[in-house]
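Me: Walk me through the packing in this model. Keep it brisk.
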Amino acid sequence: MVDDSSEQIRVRWSRLVRPTVVAVDAASAAGESLVADVIDDLLRRHAEPQRHYHTARHVDAVLRHVDAILAVDADLGADPVVDPVVDRDLVVAAALFHDAIYDPASATNEADSAALAVEQLARLGWSDGRCREVAVLIEATAGHEATTPAAAVLLDADLAVLGADADTYDEYVRNVRAEYAAVPDDAWRSGRSAVLRGFLERPHIFATPTMAAQREAQARRNLGSELASLQASNG
């Protein structure tokens with residue numbers, strides 16, 4: 001059975017990098033092979049057995065939310081956080097690589113994923129400056145605090161599941177717990193509760209106008225319900 005998420009990611013990847021590869025690589029066959037090698041490696045990573053939520057399906061969802069945010073917010077330039085002039089290619093590249101390296105026991109996944117993105121994009125002819133901009137966006141997913149318009153788009157797309165319907169949110173929670181299966185229940189409840197409270201204590205979870213309007217209220221309901229459940233199970 002064909003994985004539609006993987007196929008969609010291949011399409012987005014090719015659309016993103018082929019123009020640069022063709023420009024810097026006179027041997028088009030070699031360039032096409034390089035494009036394929038990099039995306040094959042990325043998809044292999046997202047199919048690793050420790051992943052239950054952070055899979056190709058998640059990357060595909062993030063890319064779709066990036067498109068939706070930029071399409072809507074292009075007409076909402078008055079917001080101080082989101083500027084209609086966002087380099088879509090930088091955000092797409094960061095979305096593709098933001099969970100490229102994922103070890104639930106590691107505290108350096110974001111930094112390691114950023115380093116891999118720089119390495120791979122440089123191979124494909126991206127400039128040092130643009131590679132570094134992608135890396136900064138990926139590193140921002142560690143704390144999920146948006147300080148630039150591009151980061152606001154990426155982080156809101158990454159966190160979109162928080163404001164999904166209750167069933168989708170519950171599936172996300174189960175899959176994340178499966179990724180942390182090695183963590184004892186008490187430690188999980190404590191750590192997860194701290195994460196949930198951190199989001200709930202923010203003045204806003206989403207930084208872009210469209211995501212704030214469409215998902216903020218539902219996200220707070222989902223997070224609050226999960227937190228209450230964790231506290232009840234701890235009692």
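Reply: A nonpolar core is a set of buried Ala, Val, Leu, Ile, Met, Phe, Trp, Tyr and Cys residues joined through side-chain atoms within 4.5 Å. Buried means under 20% relative accessible area, exposed over 50%, partly exposed in between (1.4 Å probe, protein chains only). This is a predicted model: local features need pLDDT of at least 70, side-chain atom pairs count only at pLDDT 80 or more, and totals for chains, interfaces and linings use all residues. Residues are numbered from 1 along each chain as its sequence is written, and side-chain values use heavy atoms, leaving out hydrogens and water.

Me: Which helix gives the most to the largest nonpolar core?
Reply: That core has 62 residues. W13, L96 and F97 are among those with the most contacts inside it. Helices here are DSSP runs (H or I, at least four residues; strands are E, at least two), numbered from the N terminus. With eight residues, the top contributor is helix α4 (residues 88–97).

Me: Which residues does W13 touch, beyond four places in sequence?
Reply: Contact means heavy atoms within 4.5 Å. Residues up to four places away are not counted. The partners are V35, V38, I39, L96, F97, L121 and L124.

Me: Is A100 buried or exposed?
Reply: A100 sits in the loop between α4 and α5 (109–123). Beyond four places in sequence, its contacts include L42, R45 and L116. Its relative accessible area is 0%, so A100 is buried.

Me: How far apart in space are T108 and A142, C-alpha to C-alpha?
Reply: T108 is also in the loop between α4 and α5. T108 is partly exposed, at 38% relative accessible area. Along the chain, T108 and A142 are 34 residues apart; their C-alpha atoms are separated by 8.8 Å.
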